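Trainee: I would be grateful for a close look at a single part of this model, set in the context of its surroundings.

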Amino acid sequence: VRILVDLDGVIWRGSHIIPGVKDVFNLLSKDGVEVHFFTNNSYLTQRQLLIKLKVAGVKATKINVHSSAVVAGQFLKGVKKAYVIGGPGIKEALRINKIEISDKDPVQAVVVGLDLKLSYQKLTKATYFINNGAFFVATNSDPAYPLENNQLAPGAGAIVAALKTATGQAPVVLGKPHRPTISFLKKIGHFDLVIGDRLSTDFKLAQALNSKFVLVLSGVTDKKEIALKGLGKKFIVIKSVKNLPSTLRNIS
Ligand SMILES: [Mg+2]
């Protein structure tokens with residue numbers, strides 16, 4: 001059995017680890033379940049994600065921890081220079097693929113993800129490059145992501161929307177549930193199950209991968225939204241990953 005697990009809203013909310021995570025993933029690995037993690041959040045590097053997972057008590061390696069930043073690096077291979085609005089995750093992935101990060105003309109691509117140090121100046125630069133023909137790429141378009149205090153913070157999608165408005169151009173989006181991520185994941189193999197907290201990304205991805213879907217209520221989606229969309233029978237809804245082992249037993 002191979003499963004794909006989302007991070008924000010499933011494993012953690014900001015710095016808060018969802019209770020039960022450690023025991024659940026130890027149990028799954030004992031049962032021989034092959035667990036992969038994929039986050040649309042491009043902010044952290046793979047190493048930073050591994051450290052955060054380790055703190056949460058989850059054993060993982062670079063082979064099974066993936067993000068939209070990793071997809072961005074592979075997708076843009078061959079590009080010489082790119083301007084980045086984003087965090088260390090994107091920057092590292094571009095460098096690994098020999099793409100120089102620059103804020104001076106000419107750049108061939110503008111890569112946009114979550115940037116905790118976003119400024120008006122950065123938006124202005126990105127607008128300039130896109131208007132001058134640079135390829136506009138977004139790691140993801142998630143509107144918001146969950147924080148520890150039950151609040152939501154603006155996601156990459158909110159930053160992308162500002163640039164869309166300013167330039168009148170739409171980016172190529174790389175993360176879940178978009179093509180580049182689908183082909184990235186298909187190379188790993190078939191996933192029996194996808195677990196996530198967002199319908200527009202995680203559920204859509206599960207459909208594209210022909211995988212079963214489990215929605216957790218520990219993130220951005222609440223029961224009302226599922227009922228409203230009449231999706232109650234299309235997937236299993238659980239409170240949090242804590243309930244995953246029993247759910248897996250019932251499915252298989
Ligand atoms: Mg999530």
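Trainee: Is Asn-210 buried or exposed?

Mentor: Asn-210 is exposed, since its relative accessible area is 67%; by the cut-offs applied, buried means under 20%, exposed over 50%, and partly exposed in between, with a 1.4 Å probe and protein chains only. The model is a predicted one, in which local features need pLDDT of at least 70 and side-chain atom pairs count only at pLDDT 80 or more, while totals for chains, interfaces and linings use all residues. Residues are numbered from 1 along each chain as its sequence is written, and side-chain values use heavy atoms, with hydrogens and water left out.

The backbone at this position deserves attention. Asn-210 has a positive phi of about 60 degrees, although it is not a glycine. The residue belongs to the loop between helix H8 (199-209) and strand E14 (212-216); helices (H or I, at least four residues) and strands (E, at least two) are DSSP runs numbered from the N terminus. A positive phi, of about 70 degrees, is also found at Asn-150, again not a glycine. Asn-150 sits in the loop between E10 and strand E11 (152-154), and with a relative accessible area of 64% it counts as exposed.

H8 and E10, which flank these two loops on one side, also help to line the largest cavity. Strand E10 (144-146) and H8 each supply at least two residues of that lining, and E10 gives the largest share, three residues. The whole structure holds one cavity of 30 Å³ or more, and the largest encloses about 180 Å³. Twenty residues line it, and the closest to its centre are Asp-8, Asn-40, Asp-142, Ala-144 and Tyr-145. A cavity here is a set of points, on a 1 Å grid over the protein atoms alone, where a 1.4 Å probe fits but cannot get out, and lining residues have an atom within 4 Å of a point. Points are joined across faces, edges and corners, and a volume is the space filled by probe spheres set on them.

Asp-8 leads on to the magnesium ion. The protein donors of this ion are Asp-6 (OD), Asp-8 (O) and Asp-197 (OD), at 2.1 to 2.3 Å; donors are N, O and S atoms within 2.8 Å of the metal (3.2 Å for Na, K and Ca), and sites may look incomplete because water is not among the atoms. Along the sequence, the donor residues follow the spacing D-x1-D-x188-D. Asp-8, in the loop between strand E1 (2-5) and strand E2 (12-13), and Asp-197, in the loop between strand E13 (193-196) and H8, are 189 residues apart, and the pair links distant parts of the chain. Asp-8 counts as buried because its relative accessibility is 14%, and Asp-197 counts as buried at 4%. H8 thus adjoins the loop of a buried donor and that of exposed Asn-210.

Two further backbone features complete the picture. A cis peptide bond, with omega about -10 degrees, joins Asp-105 and Pro-106, and another, with omega about 0 degrees, joins Lys-176 and Pro-177. Pro-177 lies in the loop between E12 and helix H7 (179-188), and Pro-106 in the loop between E7 and strand E8 (109-112).

For the chain overall, the secondary structure comprises ten helices and 15 strands. Of its 252 residues, 53% count as buried.

Technical notes
1 Å grid on protein atoms, 1.4 Å probe; cavity = no way out; pocket = protein on both sides within 12 Å on 5 of 7 lines; lining within 4 Å.
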